[in-house]
Amino acid sequence: MTFDRRTVIGGLAAGAAALSAPMVMAQGVPRVVVVGGGAGGATAARYIAKGSQGAVSVTLIEPTRRYYTCFFSNLYLGGLREMDSLGHDYGTLAAEYGINVVHDWAVGVDRDARTVSLASGGSIPYDKLILSPGIDFKEGAVPGWDVTAQTAMPHAYKGGTQAQLLKAQVMAMPEGGTFAIVTPPNPYRCPPGPYERVSMVAHTLSEVNPSAKILIVDPKEGYSKQALFEEGWQAHYGGMIERIGPDFGGTNVSVNPAEMTIDIDGQVESVDVCNVIPAQQAGHIVHAAGLTDGDWAPVNADDLSSKTDPDVHILGDSAAQGDMPKSGFAANSQAKVCANAVLGALTDARVFPARFSNTCWSLIAPEDGVKVGATYEATEEKIASIDSFISQPGEDAETRAQTYQESLGWYAAITADMFG
Amino acid sequence: MTPGGDEIAGILALEPDLGYGAYLASDCTSCHADAAAEGIPRIRDLPTGTIVAALVDYRRGARQHQVMETIARRLGDEEIAALAAFLGEAD
């Protein structure tokens, strides 16, 4: 951390806070525990540690020592990014921000005792708990697919290992083979993600296996940025991509990983690669903590606190918050509002009105980037969209190239915002 | 006075709230890195007047960029003054 006039100002405020903090326990400083070191959790931990200047103890529980972002993993599939460039570690958060980084799984929450239990045994006490575990898949969502099938039919929807497996399978496809993708029903992580993936796989195949086909099996009537993707696919990959929507059986799909077949409404197709992205729900720990209503955890819009327990906040994909998409950008945005509220509750830091924003960039082909985004505010009912934008069909190549360049700048910035 | 000039002068005359500026600036750092990056410019330590002028121009549509126009449209004068004071260097 460099000390400039801003951190000095923050330090003075935090020093005053430490003297008068309303929730300081007799035995020491208030404790925040964050579960999940992705766009929501890492950002929240960093902003609370940075803002409190030692007046709050921050523990971050994250099983992986090196975190591979799910966002931009499609660019890896397209051959435009090395996997190494998507990996980040937690050394700076520990060394420069004083965060206690615990590489373990959080397996349970005792909300009466206010403790989080760890897979390795033991537990960690908290005054405020922040859960940001991302998504888990719904069992039985695609009949025939479960976690034991993910080698034959990867989901590749949590970054890292599975993306590497899927890329290897694409590269090993027979000439003229078929890549199938089973996309999830709403709501799910990264609404344009499956379609950006199709674009990037199409780009790779157009270079190494141009007679190959891509089959999208989709339970949804429509999807994010659809007009932009369809225009781009026609222009860049004409004829390679076919989509089967709900009208033709996209909602009635099962798979057979041993035979490498998909049954689409009774029609059995043999495929060479099958990327199954099942229906999704809040990460397991949120269910274990008893904070979900159905698949997701309802939260208050002004501070992302659980509607069940005001001392637990839920960020990002797992939260049912209203209008924001389940994206890394959204989780990062929510984390800052949550950090401000948590600092306000634990110290005498000022609390400002919640404000959120999101932009999702997608790459259709190299240098052909598009984006969609919005600004949001907190209402009594939900996080509500107040203004929005989207790229337009027919934009010139220079605009699209600029949009792609922007996405590179965003990746560098958000990962610095998360990991320091 | 250039178009937007009155608005800019009015904002520069406000007493900025640095604490509010720090909070608002956390919305910027999702995209604007402190280190030099491709595609999105660094905005730290620009002259305060430059930041105010840019945000006013995006807000009234005189300068075009989908993301920045959308961000700027919800900034009031107080917010722009706070952001510019926190992010910028005094002229």
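Which side chain meets Asp317(A) in a salt bridge? The partner is Arg189(A), with 2.6 Å from N to O. Keep in mind that this is a predicted model.

**Inside chain A**

Let's start with how chain A is split up. Domain 1 of chain A covers 5-136 + 281-353, and domain 2 of chain A covers 140-278. Their C-alpha centres sit 33 Å apart, and the contact draws 19 residues from domain 1 of chain A and 19 residues from domain 2 of chain A. Put the two domains together and about 1,700 Å² gets buried, with carbon and sulfur atoms giving 62% of that area.

On the polar side, the rule picks out 2 salt bridges across the interface of domain 1 of chain A and domain 2 of chain A. Asp317(A) with Arg189(A) is a salt bridge, as already mentioned. Between the two domains, 9 residue pairs are in polar contact, counting pairs with both residues at pLDDT 80 or more. As for secondary structure, α3 (73-77) and β10 (135-137) of chain A each hand over at least two residues to the side of domain 1 of chain A that touches domain 2 of chain A. The largest share of that side comes from α3(A), at 5 residues. Sorted by class, this side of domain 1 of chain A has 10 nonpolar, 6 polar and 3 charged residues.

**Where chain B meets chain A**

Now for the interface between chains. Here 32 residues of chain B are in contact with 36 residues of chain A. The buried area comes to about 2,700 Å², and carbon and sulfur atoms give 52% of it. Which three residues of chain B supply more of the area it buries against chain A than any other three? They are Tyr23(B), Gln66(B) and Arg74(B), which together account for 26%.

This interface has 2 salt bridges by the rule. In a salt bridge listed below, Asp387(A) pairs up with Arg73(B). The polar contacts between chain B and chain A number 15 residue pairs, both residues at pLDDT 80 or more. On the chain B side, the elements that give two or more residues are α2 (18-25), α4 (66-73) and α5 (77-87) of chain B. The residues on that side of chain B break down into 14 nonpolar, 10 polar and 8 charged.

**Pairs worth a look**

Over all chains, the salt-bridge count is 24. Here are some of them, each with its N to O distance.

| Acid | Base | N to O distance |
|---|---|---|
| Asp317(A) | Arg189(A) | 2.6 Å |
| Asp387(A) | Arg73(B) | 2.7 Å |
| Asp127(A) | Arg31(A) | 3.4 Å |

What about the pair in the last row? The side chains of Arg31(A) and Asp127(A) meet at 3.4 Å. Arg31(A) belongs to strand β1 (residues 31-35) of chain A, while Asp127(A) is in the loop between β8 (123-125) and β9 (128-131) of chain A, so the pair ties together parts that are 96 residues apart in sequence.

Rings get their turn too: the structure holds 18 aromatic pairs over all chains. One of them is Phe329(A) with Trp410(A), a stacked pair at 6.4 Å centre to centre with 10° between the planes. This pair also links distant parts of the chain, with Phe329(A) in helix α9 (residues 328-346) of chain A and Trp410(A) in helix α10 (residues 397-419) of chain A, 81 residues apart.

Conventions. Residues are numbered from 1 along each chain as its sequence is written. Chains are lettered from A and ligands numbered from 1 in the order in which they are written. This is a predicted model: local features need pLDDT of at least 70, side-chain atom pairs count only at pLDDT 80 or more; totals for chains, interfaces and linings use all residues. Side-chain values use heavy atoms; hydrogens and water are left out. Contact means heavy atoms within 4.5 Å. Buried area is the accessible area (1.4 Å probe) that two parts lose on being put together, summed over both. A salt bridge is a side-chain nitrogen of Lys or Arg within 4 Å of a carboxyl oxygen of Asp or Glu. A polar contact is a pair of N or O atoms within 3.5 Å; within protein, one must be able to donate a hydrogen and the other to accept it, and residues adjacent in sequence count only if both atoms are side-chain atoms. Helices (H or I, at least four residues) and strands (E, at least two) are DSSP runs, numbered from the N terminus. Ala, Val, Leu, Ile, Met, Phe, Trp, Tyr, Cys and Pro count as nonpolar, Asp, Glu, Lys and Arg as charged, and the others, Gly among them, as polar. Domain bounds come from an automatic or database domain assignment. Rings of Phe, Tyr and Trp (its six-membered ring) pair if their centres lie within 6.5 Å; planes under 30 degrees apart count as stacked, over 60 as edge-to-face and the rest as tilted.
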